[in-house]
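Reader: I'm at the bench most days, and I'd like to learn how to read strands and pockets in a model. Can you walk me through it?

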Amino acid sequence: MNKINYQKELDRIIEKNGDTKPRLLLHSCCAPCSSYVLEYLSAYFDITVFYFNPNISPESEYAKRVNEVKRLIAEMPSCSQVRFMEGRYEPQEFYSCAKGLEEEPEGGERCLKCFRLRLKEAARAAKEINADYVCTTLTISPLKNAENLNRIGEEEAESLGIKWLPSDFKKKNGYKRSIELSDEYNLFRQNYCGCVFSKRD
């Protein structure tokens, strides 16, 4: 089976949209990952950044990360029209979905369940604001499997009648550019994905 080139899929959609700017709900995991994605997509989409990450622990870390996303949106020139929407922070939602998978390695079944939890809520929020597309910044990470994220995102979006925007934001030197932008805006860069298990590992 041929591997899907998600960057090419995204290029095709952008080209097809022409001069129109469809509404995109962009699930954000953190400010550093969002930096390049916003710089790149804000030329082609009317973006609402959605911050829903109940996996992040402790609460002080959650507050730090959400505030950095807000600051990035306020300070980046390309983000002048970007809206921000914060989801609920109920860590128990994450612990319920991770139950029985506490010893799974990073990137294993627990992470897939966590992706689904967040992308299901992102699809729901996209439907709520009548967005044309939904996607996530998570595919920028070299440690995240773009195929898994796109598959899960597409399933959750499709179940609600929303279009999933395919992506692999680490392509086109996206991850490298996110590091440059993080330095430029002095963004807080966390040293673990977010949950207690990733911190432990």
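Author: We'll go through one strand and then one pocket. This is a predicted model, where local features need pLDDT of at least 70, side-chain atom pairs count only at pLDDT 80 or more, and totals for chains, interfaces and linings use all residues. Residues are numbered from 1 along each chain as its sequence is written, and side-chain values use heavy atoms, with hydrogens and water left out.

Reader: Why is strand β1 called largely enclosed by the rest of the structure?

Author: Strands are DSSP E runs of at least two residues and helices H or I runs of at least four, numbered from the N terminus. Buried means under 20% relative accessible area with a 1.4 Å probe, protein chains only. In β1 (residues 23–27), 4 of the 5 residues are buried, so the strand is largely enclosed.

Reader: Which strands does β1 pair with?

Author: Pairing takes at least two DSSP bridges. β1 runs parallel to β2 (residues 46–51) over 5 bridges, and parallel to β4 (residues 133–136) over 4 bridges. His27 has Phe50 as its bridge partner in β2 and Thr136 in β4.

Reader: And how do I read the second largest pocket?

Author: Rolling a probe the size of a water molecule over the atoms shows where empty space is left. A pocket is an open set of points on a 1 Å grid where a 1.4 Å probe fits, with protein on both sides within 12 Å along at least five of seven lines; lining residues have an atom within 4 Å of a point. Of the 16 lining residues here, Ile4, Tyr6, Asn150, Arg151 and Glu154 are the closest to the centre. Helix α6 gives the largest share of the lining, 6 residues.

Terms used. Buried < 20%, exposed > 50% of the residue type's maximum accessible area, 1.4 Å probe, protein only.
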